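Hi there,

Here is the structure we talked about, with the sequence alongside. Have a look, and then read on for what turned up in it.

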Amino acid sequence: MLDLSDPDKIYYVDPWDIATPHPRQKKYKRIIYGDRRFYQPRQPASRFDVRPGYIEVSVRDYANYVICIEKNDYFILESF
């Protein structure tokens, strides 16, 4: 989760407890998915939208693909 007002701070969700943020000089903070500071509920209640001012970047399948989410818009990023 990227905070647009503080680009040096990165929030991350790690439900499997396997993430190792690098480089360490960045300001990383672990959060829980659905944290209401960053997400707002939508119907059905199992889904969340990203609050204004934040961008969620989701790395999936060992970085085989990456999704960028802003509000409720999803963009699949192309690999290099």
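Let's begin with Arg30, which counts as partly exposed at 41% relative accessibility. In this predicted model, the Arg30 side chain meets that of Asp17 in a salt bridge, with 2.9 Å from N to O. Asp17 itself counts as exposed, at 58% relative accessibility, a value over the 50% cut-off for that class. Asp17 sits in the loop between S2 and S3 while Arg30 belongs to strand S3, so this salt bridge ties together parts that are 13 residues apart in sequence.

How many salt bridges does the structure hold? There are two. The other partners are Arg37 and Asp35, whose closest N and O atoms are 2.6 Å apart. Arg37 is partly exposed, with a relative accessible area of 45%. Asp35, by contrast, counts as buried at 19% relative accessibility, because buried means under 20%.

Next, the aromatic rings. The structure holds five aromatic pairs. One of them joins Tyr11 and Phe38, with 4.6 Å from centre to centre and 50° between the planes, which makes the pair tilted. Tyr11 comes from strand S2 (residues 9-12), and Phe38 from the loop between strand S3 (27-30) and strand S4 (39-42), so the pair ties together parts that are 27 residues apart in sequence. Are these two residues buried or exposed? Both Tyr11 and Phe38 are buried. Ring pairs also bring in Tyr54, so to speak, linking Tyr11, Phe38 and Tyr54 into a cluster.

Phe38 turns up again around another buried residue, Asp49. Asp49 is found in strand S5 and has a relative accessibility of 11%. Leaving aside residues up to four places away in sequence, Asp49 touches Phe38, Tyr39, Gln40, Arg42, Lys71 and Asn72.

Now for the protein as a whole. It has eight strands and zero helices, which reads along the sequence as β-β-β-β-β-β-β-β. With 80 residues, a compact globule would have a radius of gyration near 12 Å, and the 13 Å found for the protein agrees with that. Taken along the principal axes, the C-alpha atoms fill a box of roughly 35 × 25 × 25 Å.

Of the 80 residues, 28% count as buried. The accessible surface comes to about 6,300 Å², and carbon and sulfur atoms account for 54% of that. As for contacts with a separation of 6 or more, 18% are between residues 24 or more positions apart.

Finally, a word on confidence. The mean pLDDT of the protein is 82, and 91% of the residues reach 70 or more. Where is confidence lowest, and where is it highest? Strand S5 (residues 47-50) has the lowest confidence, at a mean of 82, and strand S1 (residues 2-3) the highest, at 90. Where pLDDT is low, the predicted coordinates should not be read in detail.

Best wishes

How values were computed:
Residues numbered from 1 in each chain as written. Heavy atoms only, no water. Phe/Tyr/Trp six-rings, centres within 6.5 Å; stacked < 30°, edge-to-face > 60°. Helix = DSSP H or I, 4+ residues; strand = E, 2+ residues; numbered from the N terminus. Buried < 20%, exposed > 50% of the residue type's maximum accessible area, 1.4 Å probe, protein only. pLDDT = per-residue confidence, 0-100. Salt bridge = Lys/Arg side-chain N within 4 Å of Asp/Glu carboxyl O. Rg over C-alpha atoms; globule rule 2.2 N^0.38 Å. Contact = heavy atoms within 4.5 Å. Areas by Shrake-Rupley, 256 points an atom, 1.4 Å probe, with all protein chains shown as cover.
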